[in-house]
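Got the viewer open? Here's a short tour, stop by stop, with what to select and what you'll find there.

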Amino acid sequence: MQKKLLTVSVVAAFAALALAGCGKEEPKPAPKAEAPAAPAAPPPPPQIVVKIGHVAPLTGNIAHLGKDNENGARLAVDDLNAMGIAVDGKKLVFELVGEDDQADPKTGTVVAQKLVDAKVNAVVGHLNSGTTIPASKIYNDAGIAQISPSATNPTYTQQGFKTAFRVMANDVQQGSVLGSYAAKSLNAKTVAIIDDRTAYGQGLADEVEKAAKAGGAAVVAREFTKNDATDFTAILTKIKGKKPDVIFYGGMDAQAGPMLKQIKTLGIKTKFLTGDGGCSPEMIKLAGDASEGVYCSQAGLPLDKMPRGADFEKRYKAKFNTDVQIYSPYSYDAVLVIADAIKRANSADPAKIVAELPNTATEGVTGKVQFDDKGDVKNGAITVYTVKGGKLDVLEVQGGSLVAKAEAAVKDAVKDAKEAAKEAAGDAAKAVGQAATAVGQEAKKVEEAVKK
């Protein structure tokens with residue numbers, strides 16, 4: 001009986017499980033209503049990437065000058081991108097493609113071809129005349145505009161290339177000023193000339209020699225060195241025996257600084273003159289107190305006399321945490337000139353940029369940039385400096401943008417007017433006081449007369 005009951009219980013249990021398995025499923029919760037899909041973001045506006053090539057020595061003994069050039073171009077690219085410029089309904093996105101030519105002509109041609117292969121729209125560079133000139137044929141053959149901010153040898157723009165431009169004065173202008181300054185302002189009867197055998201150094205020295213002779217000075221020595229030399233003792237000892245009134249050096253600051261130290265060590269008592277390649281804060285740093293009283297020139301206006309120089313200097317220092325060397329305002333303007341040509345052409349096509357560049361009239365940091373029929377900048381300025389208290393001090397400015405001159409004149413006039421107004425106001429107040437005193441005295445006399 002017990003066994004039977006157990007069997008019935010087991011069967012009942014299996015039956016219950018079977019009924020549970022065959023029963024209805026628990027109702028599932030109703031699916032939640034899906035949130036409406038967010039509207040699709042509008043597609044980004046079409047863009048045109050404009051590649052600006054830049055070439056300068058970023059390694060070697062004048063890398064500080066190359067970096068200065070590159071910084072100027074980079075600041076311009078950043079400014080242009082912030083403006084949101086568009087052509088043909090498409091936003092322009094500027095991109096700087098930098099290359100290092102090591103101040104070497106062979107390397108210069110290699111990186112020039114590299115930029116052509118990268119399909120850059122235009123090129124700012126090179127820094128040195130010795131790299132700019134051989135590279136210019138490669139850009140010309142490719143139909144790509146090249147604007148140098150610092151190469152000053154005249155040959156660059158005298159080759160007949162429609163793609164070659166520069167935004168600062170050339171060595172004919174600068175050499176003429178320096179040679180004349182030596183003969184007339186420094187009263188040099190004899191001049192010794194040293195150059196570094198580069199296209200820049202030798203070319204500038206040639207122009208200085210012509211102008212010095214034209215001014216009545218005799219060239220008593222013409223020596224040369226290399227642009228990577230550091231010991232000039234043999235050359236300077238030879239020159240010391242000639243007792244020149246002025247030594248001119250055509251080359252860069254990396255040699256000018258040590259040369260000045262060696263001149264002092266050898267006890268050579270003479271004035272020292274150099275061009276824009278040596279006219280930098282780095283030259284003063286390298287020469288130390290031997291740089292005091294040195295004369296030099298830059299192919300452009302002083303930074304504080306440029307129409308937008310003060311603002312550029314402030315923003316440059318804030319962005320790169322270093323001081324302007326020499327050429328960065330010109331590399332900045334070179335980029336602006338390219339952008340302006342693109343806007344006028346309504347196209348970033350390299351051929352259309354080249355076609356528009358002769359029509360340039362761009363207001364830049366350095367002044368109004370316009371080109372002559374060779375591609376040289378019009379109204380290029382030459383500034384002569386002396387080193388005073390460890391800093392470059394302006395002696396005189398020759399030439400220069402008429403706009404820059406006019407703006408500088410206006411600023412000076414406003415300053416003079418304010419001072420005159422202040423002085424006049426003081427004089428007027430004094431006159432009024434004197435008149436009031438006189439009236440008071442007369443009134444007193446009248447009062448006394450009435451009493452009598």
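Select A199 and pull up its neighbours: leaving out residues up to four places away in sequence, A199 touches S129, G130, I133 and N153. Keep in mind as you click around that this is a predicted model.

Now draw a distance between the C-alpha atoms of A199 and G130. You should get 4.9 Å, although the two sit 69 residues apart in sequence.

Next, colour the helix that A199 belongs to: that's α6, residues 199–214. Switch on a surface while you're there. Is A199 buried, exposed or something in between? A199 comes out as partly exposed, because its relative accessibility is 26% and that class lies between the under 20% of buried and the over 50% of exposed.

Second stop: select residues 309–320 (helix α10) and residues 328–345 (helix α11). These two helices pack with their axes 11 Å apart, at an angle of about 100°, so α10 runs roughly perpendicular to α11. To see what makes the contact, show side chains for F312, R315 and Y316 on α10, then S328, P329 and Y332 on α11. Colour that set by residue type and you get 4 nonpolar, 1 polar and 1 charged.

Finally, zoom out to the whole protein chain. In cartoon view there are 13 helices and 15 strands to find. Colour by burial, and 47% of the 452 residues count as buried. The accessible surface adds up to about 22700 Å², with 56% of that belonging to carbon and sulfur atoms. If you like contact maps, try one here: among contacts with a separation of 6 or more, 68% join residues 24 or more positions apart.

How values were computed. Residues are numbered from 1 along each chain as its sequence is written. This is a predicted model: local features need pLDDT of at least 70, side-chain atom pairs count only at pLDDT 80 or more; totals for chains, interfaces and linings use all residues. Side-chain values use heavy atoms; hydrogens and water are left out. Axes are lines fitted to C-alpha atoms, for helices over the stretch in contact, and angles run from 0 to 180 degrees between N-to-C directions. Helices (H or I, at least four residues) and strands (E, at least two) are DSSP runs, numbered from the N terminus. Angles under 35 degrees count as roughly parallel, over 145 as roughly antiparallel, 65 to 115 as roughly perpendicular and the rest as oblique. Contact means heavy atoms within 4.5 Å. Ala, Val, Leu, Ile, Met, Phe, Trp, Tyr, Cys and Pro count as nonpolar, Asp, Glu, Lys and Arg as charged, and the others, Gly among them, as polar. Buried means under 20% relative accessible area, exposed over 50%, partly exposed in between (1.4 Å probe, protein chains only). Accessible areas come from the Shrake-Rupley method with a 1.4 Å probe; for residues, only the protein chains shown count as cover.
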